[in-house]
Amino acid sequence: MRAHADLIVVGAGHAALEAALAAARLGIETLLVTLDLSKIGQMSCNPAVGGVGKGQVVREIDALGGQMGRTTDAAGLQFKMLNRGKGPAVWSPRVQCDRARYRQEMSRVAARQAHLTLLQGEVLDVLVEAGRVVGVRTDPQGTLRARVVIIASGTFMRGLLHRGFQTTPGGRIDEPASSFLSDNLRALGFEVGRLKTGTPPRLDGRTIDYTQCQLAPGDEPPVPMSHFTRTITQPQLPCWLTRTTEKSHQAIRSNLDRSPLYTGRIKGLGPRYCPSIEDKVVKFPHHDSHQVFIEPEGYDTDEVYVNGLSTSLPEDVQEQIVRAVPGLADARFIRYGYAVEYDFCPPTQLKPSLETKAVAGLFFAGQINGTTGYEEAAAQGLMAGINAVHSLRDKDPLVFGRDEAYIGVMIDDLVTKGTDEPYRLMTSRAEYRLTLRWDNADLRLMDQGRRVGLVSSKMYDHFLGYRGRLWEAARRALPSDAESRYFDHLPSPVEADRPEPAVGDDILHNPWEEGTEHRQVEIERLYWGYMKRERAEMAKFRRLESRRIPADIDYFSVHGLLMEARQKLSRVRPQSLGQAARVPGVTPADAGVLLVHLERHRRRATG
């Protein structure tokens, strides 16, 4: 075990793994520290990757050279494209995974990655000197020095598990909490808040009567999640759909006095878009029933995940709820559901690079920033890893605009608006979702992945061949006024400015077969008129984003700004006029005043 590394990553979940793998693949000596090395890549809740909005993010991670999509394809047991009844702009890939295989594959990749060392221990303190991070203090190893630290702590900071009136410290079931890091961050000047999430019961699939459930099969043929996967060869397993009943709802209503959520024992806010079943029953009393998906956890287990029944009610009440659901009357419980309450740091304390404003060289990624979901965490981890490396090499950070990627939408939402509840990325959050589709993530971002150094030259050559064929097909098929502008605006092919990254031979396939470009052109032709209008809006957006705000601006001296705007802008410290206009509490009039101030400042600076 080395006592020094260039970069230390705290955690081993989805954010931590993407951060550590990205840094190591870019040649940085990286140390990953986690409480339990046997739980690397653990899928804490639903063993699935993707979904509406989330699938687009995984495709973007993949186009940039991240790992999640490839591991998903290796562990997937059901592949499904959601929203096929709507337009392609909101189609979203989702993959049900074998939980054990996903963890094993991530562990294998991490263990074999050059420049990456794995260490089991608890991080107690972040060490700071003269406003800059210099390492961490761990138990039992002691002081570990580093020039950059990324904290991706998941739900482990002062994690507390709730089931009825039973409370147990822990970040996940049967796993200890991180007890000291929150206090250390507070001492360093960070604001720390409290959030909550939950998970449903797990049942023995052999005790379920599937004749009372509706079959929910995957797609044939399955569409891989990763651009780098040629085909899916493993067999697909079915999921099943059933619904709660009035008897289930009555069991919940009769026992709300035993719910930690409704008796005030849980203080943190839960996810608005993935509520517990008791929350659904209370907040939507006009609904007679709610969907429940029965999802297999793996090829070699009979355990099933009961998607839709997340709960922290006592065990006897959970049994009443479940046994009133068609098909589950005789179901045997393998594990009861529970809620987890944990600390997070409001993300307005971050720069768009995900580096903290208070401590140079310290980055946050994942649920510590208030997000919920594997995909959101992985995207933040990848960007934190890339930008940590850029900071070590004195390079500008990689920051995507809201018009470039769902990743850009998410990070801008977090650092500009903040969140006081678990943040979930959805297609409705993106103003330019006709452009930010799952199918064109490679066209939008793979040049950047190559430029950063995470996409291999061999794969990039395959992509360039596909894009060349696509350009030619577009010139023949799109309207005469198009002149292939949609494709011409993409960055030009680039050469890497550093040695080939060690991404491994397991991804060297050719997914861009001849003929696939015609499907892409059909989508472009379908949306051409709408996208012309969207690109005009994007041009206006970019003009606002191009108006940079000096880092040392004193908002309290800007005449005409409302006091609320001065306070909010001073806290967020936006980097552009566009970002300033999105800060909650800043009115259009405030943005206009700020524009006049910046123009005067520019004129004085230019003489």
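**A short tour: one cavity, some rings and a buried glutamate**

Hi everyone. The largest cavity here has a volume of about 30 Å³, and that is where I'd like to begin. Please keep in mind that this is a predicted model.

How many cavities of 30 Å³ or more are there? The count comes to one. Its lining is made up of F79, K80, M81, P93, R94, D219 and V223. Two elements give two or more residues to that lining, namely β4, residues 76-82, and β5, residues 92-97. Of these, β4 brings the largest share, with three residues. If you sort the lining by character, you get four nonpolar residues, three charged ones and no polar ones.

Now let's move on to the aromatic rings. The count of aromatic pairs comes to five, and I'll show you two of them. One is F190 with F364, a tilted pair with 5.3 Å from centre to centre and 50° between the planes. Where do these two sit in the chain? F190 is in the loop between α5 (181-187) and β13 (193-199), while F364 belongs to strand β21, residues 362-364, so the pair ties together parts that are 174 residues apart in sequence. Are the partners buried or exposed? F190 counts as buried because its relative accessibility is 5%, under the 20% cut-off. F364 is buried too, at 1%.

The other pair I picked is F333 and Y336, and this one is stacked: the centres are 4.7 Å apart, and the planes differ by 20°. Why does that count as stacked? Because the angle of 20° is under the 30 degrees that sets the limit for stacking. F333 is buried at 10% relative accessibility, and Y336 is buried with a relative accessible area of 17%.

While we're on rings, have a look at W91. R84 lies over the face of W91, at 5.4 Å from the ring centre.

My last stop is E60. You'll find E60 in helix α2, which covers residues 54-63. Is E60 buried or exposed? E60 has a relative accessible area of 0%, so this glutamate is buried. And which residues does E60 touch, once we leave aside its neighbours within four places in sequence? The contacts of E60 are A405, Y406 and I407, together with A441, R444 and L445.

So, to recap: we looked at a cavity lined in part by β4 and β5, a tilted pair between F190 and F364, a stacked pair between F333 and Y336, R84 over the face of W91, and the buried E60. Thanks for listening!

Technical notes
Residues numbered from 1 in each chain as written. Predicted model: local features only at pLDDT ≥ 70, side-chain atom pairs only at ≥ 80, totals over all residues. Heavy atoms only, no water. Helix = DSSP H or I, 4+ residues; strand = E, 2+ residues; numbered from the N terminus. Buried < 20%, exposed > 50% of the residue type's maximum accessible area, 1.4 Å probe, protein only. Contact = heavy atoms within 4.5 Å. 1 Å grid on protein atoms, 1.4 Å probe; cavity = no way out; pocket = protein on both sides within 12 Å on 5 of 7 lines; lining within 4 Å. Points joined across faces, edges and corners; volume = space filled by probe spheres on them. Nonpolar A, V, L, I, M, F, W, Y, C, P; charged D, E, K, R; others polar. Phe/Tyr/Trp six-rings, centres within 6.5 Å; stacked < 30°, edge-to-face > 60°. Lys NZ or Arg CZ within 6 Å of the ring centre and 35° of its normal.
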